[in-house]
Amino acid sequence: MLETEELRKIFKGKTAVDGVNLYMDKGESIGLLGPNGAGKSTTISMISSLVKPTSGDVRLHGRSIIKDPTNMRQVLGVVPQEIALYEELTAYENLKFFGRIYGLRGKLLESKVQEVIELVGLKDRQKEVVTTYSGGMKRRVNMAAAMLHEPEILIMDEPTVGIDPQSRSHILETVRELNQKKGLAVLYTSHYMEEVERLCDRVYIMDHGRVIASGTKEELKSILSGEETILIDLDRQHPKLFKELEGNKSILQALETEKGLKLIVPKGSRLLGTVFQIAERHHAQILNVNVQIPTLEDVFLHLTGRKLRD
Amino acid sequence: MKSVFLLQWQRFRRAPILVLAMFLLTVVFVFFIAGIHSTNQLTVYTYSHESLGEEERDAWLDMLNESDVFHFEWMEESEARNAVATGEVSLALQLMEEDYRILLAAEEQTRYIVDNYVNQVFMEELRLREIENSGVGIDFRSDVTQAMEEPVLTVTSSSIEGVDGSFIHDERLQVLFGMTLFFVIYTILFSLMNVAEEKKWGTWNRLIVSPLRKWEVYLGHLLYCFMIGYAQIIVVFLLFQQVLGFDLGNRYGTMLVIIGCYTFAIVSLGMLLIGLVRTSQQLQAIIPIVATAIAMLGGAFWPIEIVTNDIMLLLSKGMPIFYAMDTLKGAAIYDYSVLDMVTPLSFMVLFGVVCMGVGINLMERR
Ligand SMILES: Nc1ncnc2c1ncn2[C@@H]1O[C@H](COP(=O)(O)OP(=O)(O)OP(=O)(O)O)[C@@H](O)[C@H]1O
Ligand SMILES: [Mg+2]
């Protein structure tokens, strides 16, 4: 349904997006993952005809939208990364306006506004001005505004940044329902791997403007099928211990976490004994050890050498 | 387009303070400045020589004060001298027996006008006295007075320029036009901040990715700013005409066209500014500078007719407010023909078109 071909954007000599190819079928739910500055928002802007690509093409049903984005604009809903609302107006007034610019009028407009307001759970507070809302509530209105015209494709650019877990869960659930029950195609961008795991069928991983891996969640995880992850909780941070483990040839990747360390090692390498010995030498107290199969997060770490969030 | 336009009014209703403040400021400024100028007499401090009796002095003062232009105010010599010395007034008049002196701080224009007038009054009176003393007849004075009141022949001289070759200068209209056109710059430019704000908030992008055409988004905003500026000027003019009796003439249609051209020029200027600056803070900072500069150079604060500096005059020709002041006065006072107005009005429209074109281009380039 929607595809991009060698999409490229150069801002004043700086390449933000560098030859991205992705596609999306009807009713599919796609995740776009990448660290800060990977080029996710820029890619989305080009798909939604907000930014003109330096080169490459975006096609909807096989037809380029670069020259004539009219068709695209009717079927697309975009939830921007930053909250984009008229803060001095109420949620109701905002939604009324955004519905109107999609050509909705009268009773239909009114019922659509009520429908999406209910969907995001703000029915009781719809007549209050947006300034008085919490960050999470604003996010929900921000999202509702993109869904009034019943888009076929919903593009969401980190819609859950900076909101409480409860609101986040609510938003995720809403999106999943829309996707599964109404067949809405979703392109979802996030820093939160668990959101993408929960929501998306396929995932694109971007870094430095390029797609470095893509596929279903299972396919991506199989990149690390020969590895396992060891999570070690320590009493405190031990930089020297970390250094030594990092330098160890049998350990593929080492990472400091909030609680201690994360190691990616070849499956069945029986490294635990060695790790305990090294920890002993550094007088580090091990509180807990957990051996897991790798997650998407680990795949990401493996591919980029970086954590998804700083 | 209509949705964007209506939205601006909705937003205006939520935060009308700024526009209302500009409206009120206009009214207050015009009211006070024009109010001061309505007593348009020049006060001349006057004192008398010791040789002059009190009765005699009052007689002279009464005669002098028959003027519409001057008001002669008597005071003690020391007081008058002091006022001249400190620069409070530029001159003072000393009355003597059948003569007078003018005390001057510096050589200047007013001196001749005052001298001229006082001289005339003295000459007339002294001539009358001479004739009386010569004994031609005791009733001569009343005859002359009567003859003056019922002249055999009246000669009225008038010209476009006004009497004695100066321009007709209606101080009250100058203030009304100048202040209104000045403050409306703020109203329009601040209203245009909505565009800059939409860019900052990201709602602009929402509009762009919607099926709305870009020109609809622009037009919605521009139309709103135009109407709010247009309405402000008209409401102020009506208020002063209807309530305070300012004489704006009766060429209402012409005035509406002039106001329209001017408002368009300022809205476009606003677009240019938005295209030039990066943030709404910067815009906020330059609005007062631009508004004041335009008003000063274009002759909104004082009549351009009194400006003699060539560079200033040249600069004024680049300001839309100059043409608006010119044509408004032309319509209200000078009786300009439609043909006289075509050039200044075209200039304002041209100014608008150029600013709008460059402004939108700069904005789109970003
Ligand atoms: N308008 C612009 N002008 C110049 N450079 C830009 C512009 N927009 C984005 N960039 C640059 O392009 C790169 C990609 O930015 P983009 O916003 O697409 O990243 P992102 O993946 O969405 O990051 P984040 O997770 O922080 O939102 C960054 O290096 C950014 O600095
Ligand atoms: Mg982004």
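Which residues of chain A are linked in a network of salt bridges? A:E3, A:E5, A:D57 and A:R59 are, where a salt bridge puts a side-chain nitrogen of Lys or Arg within 4 Å of a carboxyl oxygen of Asp or Glu. Before the views, some reading notes: this is a predicted model, in which local features need pLDDT of at least 70, side-chain atom pairs count only at pLDDT 80 or more, and totals for chains, interfaces and linings use all residues. Residues are numbered from 1 along each chain as its sequence is written, chains are lettered from A and ligands numbered from 1 in the order written, and side-chain values use heavy atoms, without hydrogens and water.

**View 1. A salt bridge joins A:D18 and A:R8.** Their closest N and O atoms are 3.1 Å apart. A:D18 sits in strand β2 (residues 14-24) and A:R8 in strand β1 (residues 2-11) of chain A, 10 residues apart; strands are DSSP E runs of at least two residues, and helices are H or I runs of at least four, numbered from the N terminus. A:D18 is buried at 18% relative accessible area, while A:R8 is partly exposed at 24%. Here buried means under 20%, exposed over 50%, and partly exposed in between (1.4 Å probe, protein chains only).

**View 2. Helix α4 of chain A takes part in a salt bridge between A:K112 and A:E150.** The closest N and O atoms are 2.4 Å apart. A:E150 lies in the loop between α5 (135-144) and β7 (153-157), 38 residues from A:K112. A:K112 is buried at 7% relative accessibility, whereas A:E150 is exposed at 51%.

**View 3. Helix α1 (residues 40-47) of chain A is largely enclosed by the rest of the structure, because 7 of its 8 residues are buried.** Among them are A:I44, A:M46 and A:I47. Just after this helix, A:S49 takes a positive phi of about 60 degrees.

**View 4. Seven side chains of chain B, including B:F29 and B:F32, make a nonpolar surface patch of about 620 Å².** Patch residues have over 30% relative accessible area and no salt bridge, with nonpolar side chains (Val, Leu, Ile, Met, Phe, Trp, Tyr) joined within 5 Å and like charges within 9 Å. Helix α2 (residues 17-38) of chain B gives the largest share, 5 residues. B:F32 belongs to this helix and is exposed at 53% relative accessibility.

**View 5. B:C261 stands without a disulfide partner.** Its sulfur is 14 Å from the closest cysteine sulfur, in B:C355, which is too far for a bond; a disulfide needs two cysteine sulfur atoms within 2.5 Å. B:C261 is buried at 12% relative accessibility. The whole structure has 0 disulfides over all chains.

Definitions and conventions:
Accessible areas come from the Shrake-Rupley method with a 1.4 Å probe; for residues, only the protein chains shown count as cover.
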